[in-house]
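Good morning, and thank you for attending. I should like to walk you through one structure; please keep the view on the screen before you.

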Amino acid sequence: MGLSGVLSTSVKAEGIDNEKSLSNLDYLEIRENMNDLGIDKKTADQLIIKIKNGGIRIIN
């Protein structure tokens, strides 16, 4: 499953220097969307940590 269906916040990355940061509210919305899709809380938290650390890039 791709994360595009999970993310409710659009973040456009036009290069690393221009990449927008997600707010804590954005992360809460992403986590809620993951939970709505049946992703358990532990996995959702692990994915959010990866997003925060740049392991998963969000591109619209």
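**Helix 2 and its surroundings**

Asp40 caps the N-terminal end of helix 2, with a side-chain oxygen 3.2 Å from the backbone nitrogen of Lys42; a polar contact here is a pair of N or O atoms within 3.5 Å, one able to donate a hydrogen and the other to accept it, and residues adjacent in sequence count only if both atoms are side-chain atoms. This is a predicted model, in which local features need pLDDT of at least 70 and side-chain atom pairs pLDDT 80 or more, while totals for chains, interfaces and linings use all residues. Residues are numbered from 1 along each chain as its sequence is written, and side-chain values use heavy atoms, without hydrogens and water.

The chain has two helices and zero strands, taken as DSSP runs numbered from the N terminus (helices: H or I, at least four residues; strands: E, at least two).

Which residues of helix 2 are buried? They are Ala44, Ile48 and Ile51, where buried means under 20% relative accessible area with a 1.4 Å probe, protein chains only. These residues cover an arc of only 55° around the axis, by the directions from the axis to the C-beta atoms, and therefore lie on the same side of helix 2. They pack against helix 1 (24-36), contact meaning heavy atoms within 4.5 Å. Just after helix 2, Gly54 takes a positive phi of about 85°.

Finally, buried residues make up 25% of the 60 residues in the chain.

Notes
Buried < 20%, exposed > 50% of the residue type's maximum accessible area, 1.4 Å probe, protein only.
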